[in-house]
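Q: Please take a close look at one part of this model, the stretch towards the end of the chain, and then relate it to the helix packing and unusual backbone geometry found elsewhere. A connected account would suit me better than a list.

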Amino acid sequence: MKKQVIIGVLLLLVACKATNPSHTAGSDISSAQKPTISFTFDDGNTADMPGYTLEVWNALLLKSLQKHNLKAILFSSGANKTDQKGKYVLQSWNDAGHRIANHTFTHPNFNSNKTTLENFEWELMMNDSIIKTYSNYLPLFRFPYLKEGNTTEKVNGFRLFMKEKGYRNGYVTIDASDWYVDSRLRERLKQNTQANVEAFKTFYLEHLYDRAQYYESLSYQLTNRHINHTILLHHNLAAALFLDDLIQYFKDKGWDVMDAEKAYADAIYQKQPTNIPAGESLIWALAKESGKFESTLRYPAEDSEYEKDKMDKLGL
C-alpha cells in the first residue's frame with residue numbers, strides 16, 4: 001500500500017511538471033540549460049565593398065544564415081532604402097524569410113540635445129512608412145547607437161509613443177564593436193583586395209565571443225538563469241565574410257542558436273530600466289540600475305577605444 005502511494009505521488013509530480021506553463025516550449029521565460037544566442041543586424045548598408053559588389057556580399061551574408069537554418073531581424077534605417085539598391089536589400093532579406101524592423105530614417109542620436117522628442121517620433125514614422133510595405137515587417141524599434149534618451153521627458157515620451165504605435169523596443173543584450181572591426185577590414189581591402197583576412201576573422205570571432213561571455217555572465221548574475229540573447233551585428237562586409245564561422249564558433253563553444261524573433265519572447269525583454277540617460281544594451285542598463293556593478297561597468301559600454309590598441313598591436 002505504501003509503495004502504491006509513493007508511486008502515485010511521483011506520477012502526480014510528473015503530471016504537474018508537464019502542465020506547468022514555465023516548462024512549456026512557448027513560455028516567455030527561457031528554460032535553456034546553456035547560453036542561447038540569436039542574431040540581429042542594424043542599418044542595411046547599400047554600398048559596394050572593396051572586392052565585392054553589394055549583391056555579392058549581401059548574398060554571402062544571407063547564405064550563412066540559410067546554412068545554419070536561422071532567421072534574423074534586419075533593423076533597417078530608411079534614408080538609403082528609397083532607391084533601387086535600398087529596395088533590393090529589403091526585398092532580399094524579406095524574401096529569405098527574415099524580419100524587417102525599424103531603426104529610424106536618418107539614424108540620429110536620441111541622447112543629443114539637438115534631437116527632440118518630436119524629431120525622433122517623425123524618424124520612427126517616416127521609416128515605418130517604408131518598411132511596413134514588406135510582408136515580414138515587424139514593429140520592433142532599435143535605437144541608433146543604443147541611446148534611448150538623455151532626459152526623463154524624452155525617455156518616457158518616446159516609450160509612450162512606441163506603445164501607441166504598436167511598437168516594442170528591439171533590445172540588444174550582447175553589444176560589441178563589430179562595426180569597428182569592419183571599418184579596419186575595409187581599409188585593408190581598399191589597399192589590396194586580395195589581402196589575407198584570416199587575422200581579421202580571428203579577431204572578429206574572439207572579440208564577439210568575449211563580449212557574449214561578458215554579457216552572459218552579467219545576465220546570469222542578474223536573473224540566475226540563461227536568457228535568450230540578441231547580439232547586435234551590422235549589415236556589413238565583416239558579417240558577410242565571417243558570419244558562417246561566427247555561428248559555428250558559438251555552437252562549438254556550447255551555445256544554442258535560435259531565431260531572433262523567438263528570442264524576444266523571453267520575459268527579460270519586458271523590462272524597462274529607469275536609468276537617465278537611457279540606453280546601452282539591456283543587460284548593461286539593468287546592471288546599472290541595480291547599483292551592484294559600479295566597479296565593473298564602463299561607459300560607453302562598447303566602443304572603438306577599447307579595441308584600437310589591440311588591433312594596432314596585431315597589425316590589423
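**Helix 10 and its setting**

A: Helix 10 is followed by G291, a residue with a positive phi, near 75°. As the model is a predicted one, this angle, like the other values below, is computed from predicted coordinates. Helix 10 itself covers residues 282–290, and its buried residues are L282, I283, W284, A285, L286 and A287. Part of what covers these buried residues comes from helix 7 (198–223) and strand 9 (278–279), which are among the elements that do so.

Between strand 9 and helix 10 there is a loop, and S281 is located in that loop. S281 counts as buried because its relative accessible area is 0%, and buried means under 20%. Once neighbours within four places in sequence are set aside, the residues in contact with S281 are L146, V172, T173, D175 and Y215. N127, by comparison, is 154 residues from S281 in sequence, and the C-alpha atoms of these two residues are 22 Å apart in space.

The backbone on either side of this region also deserves attention, and a general point helps in reading it. Most peptide bonds are trans, and most residues other than glycine have a negative phi. The bond between I276 and P277 is cis, with omega at about -5°, and P277 belongs to the loop that runs between helix 9 (260–263) and strand 9. A cis peptide bond is also found between Y299 and P300, where omega is about -5°; P300 is part of the loop between helix 10 and helix 11 (308–313).

One of the contacts of S281, namely L146, has an unusual backbone angle of its own: phi of L146 is near 60°, which is positive although the residue is not glycine. L146 is in the loop that connects strand 4 (137–141) with strand 5 (147–149), and its relative accessibility of 8% is why it counts as buried. D43 is another residue other than glycine with a positive phi, here about 85°. D43, however, is placed in strand 1 (residues 36–43), and it counts as partly exposed because its relative accessibility is 22%.

Both D43 and L146 have numbers within residues 32–155, the range that UniProt lists, in an unreviewed entry, for "domain: NodB homology". Over residues 32–155, helix accounts for 36% of the chain and strand for 19%, while the C-alpha atoms at the two ends are 32 Å apart.

Helix packing can be followed in two pairs. Two packed helices are described by the angle between their axes and the distance between the axes. Helix 2 (residues 54–67) packs with helix 3 (residues 84–95) at an angle of about 15°, and their axes are 11 Å apart. Helix 2 is therefore roughly parallel to helix 3, since angles under 35 degrees are classed in that way. The crossing in which helix 2 passes helix 3 is right-handed. On the helix 2 side the contact involves L54, E55, N58, L61, L62 and L65, which meet K85, Y88, V89, S92 and W93 of helix 3. Sorted by class, the residues of this contact between helix 2 and helix 3 are seven nonpolar, two polar and two charged.

The other pair is formed by helix 4 (residues 117–131) and helix 5 (residues 152–164), whose axes come within 10 Å and cross at roughly 30°. That angle is why helix 4 is described as roughly parallel to helix 5, and the crossing in which helix 4 passes helix 5 is right-handed. Helix 4 contributes L117, F120, E121, L124 and M125 to the contact, and helix 5 contributes E153, K154, G157, F158, F161 and M162. The contact of helix 4 with helix 5 divides by class into seven nonpolar residues, one polar residue and three charged residues.

Finally, the loop between helix 2 and strand 2 (73–76) contains H68. With a relative accessible area of 8%, H68 is buried. Residues up to four places away in sequence aside, H68 touches D244, I247, Q248 and K251.

Definitions and conventions:
Residues numbered from 1 in each chain as written. Predicted model: local features only at pLDDT ≥ 70, side-chain atom pairs only at ≥ 80, totals over all residues. Heavy atoms only, no water. UniProt positions renumbered as here; feature names shortened; annotations may be inferred. Helix = DSSP H or I, 4+ residues; strand = E, 2+ residues; numbered from the N terminus. Axes fitted to C-alpha atoms, helices over the stretch in contact; angles between N-to-C directions. Parallel < 35°, antiparallel > 145°, perpendicular 65-115°, else oblique. Left-handed = near helix turned anticlockwise from the far one by under 90°. Contact = heavy atoms within 4.5 Å. Nonpolar A, V, L, I, M, F, W, Y, C, P; charged D, E, K, R; others polar. Buried < 20%, exposed > 50% of the residue type's maximum accessible area, 1.4 Å probe, protein only.
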